[in-house]
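Subject: Structure handover

Hi there,

Here is the structure I promised to pass on to you. Have a look at it first, and then read on for what turned up.

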Amino acid sequence: MPISRRKMLTSGAAAAAAFAPQAATGQAPAVLTGTNVGRRFKAFVRRGTGASVEELRLRAIQPNEVLVRSQASAVCYTIVGGALATTNVAQASIPNHSGMGVVEEVGPLVRRVKKGDRVVVPGTPQCGVCYQCLHGRADWCQFLDTAPAHPLADMADGTPVIEQAGLGGLSELMVVPEEYCCPVFTDLPAEQLTLLGDTVGTGLAAGRDLVQIEPGWNVVIQGAGPVGMGAIQAARLQNAGQVIVIEPIRSRREVAMKVGGTIALDPNAEGNGLVAKIRTLCKATTDRRYAGGRLGTNAVPDGADFVINAVGSDWFPPKVEAGPDPTALVPLQESFDMTRAGGHIVMLGVAWRGNVSFNAAQFSNRGRTFYSGQQGGLNMLRDIPRYVKMIERGVIDMKSMVTATYPIERTREAIQAVGDRTTLGAVITFA
Ligand SMILES: [Zn+2]
Ligand SMILES: [Zn+2]
C-alpha cells in the first residue's frame, strides 16, 4: 500500500510503523520491504571480552536509512585500542567508522541516493541544514549528535549488534542514515575510494579545503600515516614551495617522498634540533630572502608558513621505528615552535591526553592561526566527488595509499597490522 512522502513527513515514524506491523519488537518502527530482513551476513563484532567474525541477521531499515553492500572499509588506527581490547563490553558492536559500497535498499524518506549507486560512507555525516552545516563547517555536522544508534542486526543467539559511530564498516552490510552517504560515479577500485571517507580524505581536506596552502609556501607535515599522506598530496597539489615531512618510520618516509614530499626527516635522528632544522630549511639559501632580498633575517621570524599536525599518540608500541614521544604532545608543542608568526597550523590528531603550553607573548601578538577540524574540515558532498576526479586523472595517488587488503575473515590480522604500524593502508575488501 503506497504512502505519500508528505504524509510520511507530517506523521513521522508512526506512519511508517502503520505499514510495517511486522517490525521486530524492541526497536523503533521500521519499514519492511520484505527482501532484506533476516538476510544473513558476516561482520567483525566486538562482544564481551573478545572480537570475532560472526554471522548476523539483518533487521529492517528505518525510513531515512540506506542499506549498503560493502565493497571496502579501511581500518583506522583510532579503533585499534578498542577493537583489540579485552575489557568486557556490554553492547556488541561492529567497529570502525567508514566504508564504501553499493546501495541495495533505501527507506521511503531517502532522496540523496538510489538503489545501485556506489557510495562512500565517511565518518562524518552532512545533513546540510544544521547550524554547523549552514556555517560552512559540515565536518562538524550536528546530525552526528542525533544519529540513531539502534541495532542493525542480531547474532545467532539473539544478541543485538550496533555499528560503532553509527556506521561501523567491518561488515558485509552497513545500514546508515542518508546523511552519511556520498554517491560517487566512478569505476575506481573500492579499496582506494574508501580511504576518501576517513584518513586520506582528512589529510587532503586539511591542506585544500579548510584553509588553502598558497603556492610557494613552506609546508611541514608532521606524521606520514594515511592522514599525513593525504596532507602531503594536498601540499603538492597546491604547489607548495617545500613539503617537509617528519616521520620516524623509514618505509613511510619513502612513500612520502614518492607522493609529494621534498624532504623527509626522521625525528629520532633530529632530536632536539628538529625545530632549528625546520627553521633553517625554511630560510632557504639566503638570509636576505625576505622582501625580495632587501631585508635581513630579522625582518620576519623563520619558520614554516603552514604546518599540518597528523601525529597520533600510540595505542601500544609500534613494531616498527617508534616516534620520540608516544603521547604525541612533543610534536604538538613543536607545531607551534616551527611555524612562523602569522603562519597556519591545522590539527588533525584525536584523543589527545595532556596539555601543552605556549609563551604568552608569542601566543598573543606573534601568534599563529590554529585550525582544528573533524576530518580536516572535509565537506564531503563537495570534496569527495572532486577527489574522485583527481584520482581518475592521476593527480592524487591513491594506489600508493593502499598497502594491504584482507578478506573479512582476516580482519583481526588487519587491525593488528595497523596497530603495529607495519602497513600504511590496510583495507578490508568484500567479494
Ligand atoms: Zn578514522
Ligand atoms: Zn549538518
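A cavity, as the word is used here, is a set of grid points where a 1.4 Å probe fits but cannot get out, and a residue belongs to its lining if one of its atoms is within 4 Å of such a point. Please keep in mind that this is a predicted model.

**Cavities and a pocket**

With that in hand, the structure has three cavities of 30 Å³ or more. The largest cavity encloses about 70 Å³. Its lining consists of E65, P148, A149, H150, I162, E163, G166, V175 and P177. Two strands, β8 (160-163) and β9 (173-177), are the elements that contribute two or more residues to that lining. By residue type, the lining of the largest cavity has five nonpolar, two polar and two charged members.

There is also an open space to look at: the second largest pocket holds about 160 Å³. It is lined by 13 residues, and S70, E172, I408, F430 and A431 are the closest to its centre. At least two lining residues of this pocket come from β1 (40-48), and at least two come from β3 (65-74). Here the lining splits into six nonpolar, two polar and five charged residues.

**The zinc ions**

What holds the zinc ion (ligand 1)? Its protein donors are C76 through SG, H97 through NE2, and D198, which is listed with two OD entries, at 2.0 to 2.5 Å from the metal. The spacing of these donors along the chain reads C-x20-H-x100-D. Two of them bring together distant parts of the chain: H97 sits in the loop between β4 (89-94) and β5 (99-106), while D198 sits in the loop between α6 (190-193) and α7 (199-208), 101 residues apart. H97 and D198 are both buried. The arrangement of the four donor atoms is irregular, because the angles they subtend run from 54 to 135 degrees, and a tetrahedral site would need all of its angles between 85 and 135 degrees.

The zinc ion (ligand 2) has four cysteine sulfurs as protein donors, the SG atoms of C127, C130, C133 and C141, at 2.3 to 2.4 Å. Along the chain these follow the spacing C-x2-C-x2-C-x7-C. The angles among the four donor atoms are 104 to 118 degrees, and the site is tetrahedral. C130 and C133 are buried. C141 is buried as well, because its relative accessibility is 2%, and the cut-off for buried is under 20%.

**Other cysteines**

How many disulfides does a search of the whole structure find? It finds zero. C282 is a buried cysteine too, because its relative accessibility is 1%.

**Two backbone angles to check**

Two alanines have a positive phi, and neither is a glycine, of course. A165 has phi near 60 degrees and lies in the loop between β8 and β9. A165 counts as partly exposed, because its relative accessible area is 46%. A328 has phi near 70 degrees and is placed in the loop between β14 (304-309) and α12 (329-337). A328 is buried, because its relative accessibility is 0%.

Happy to talk any of this through whenever it suits you.

Best wishes

Definitions and conventions: Residues numbered from 1 in each chain as written. Chains lettered and ligands numbered in written order. Predicted model: local features only at pLDDT ≥ 70, side-chain atom pairs only at ≥ 80, totals over all residues. Heavy atoms only, no water. Disulfide = S-S within 2.5 Å. Buried < 20%, exposed > 50% of the residue type's maximum accessible area, 1.4 Å probe, protein only. Donors = N, O, S within 2.8 Å, 3.2 Å for Na, K, Ca; no water. Tetrahedral: all angles 85-135°; square planar, octahedral: opposite > 155°, others 65-115°. Helix = DSSP H or I, 4+ residues; strand = E, 2+ residues; numbered from the N terminus. 1 Å grid on protein atoms, 1.4 Å probe; cavity = no way out; pocket = protein on both sides within 12 Å on 5 of 7 lines; lining within 4 Å. Points joined across faces, edges and corners; volume = space filled by probe spheres on them. Nonpolar A, V, L, I, M, F, W, Y, C, P; charged D, E, K, R; others polar.
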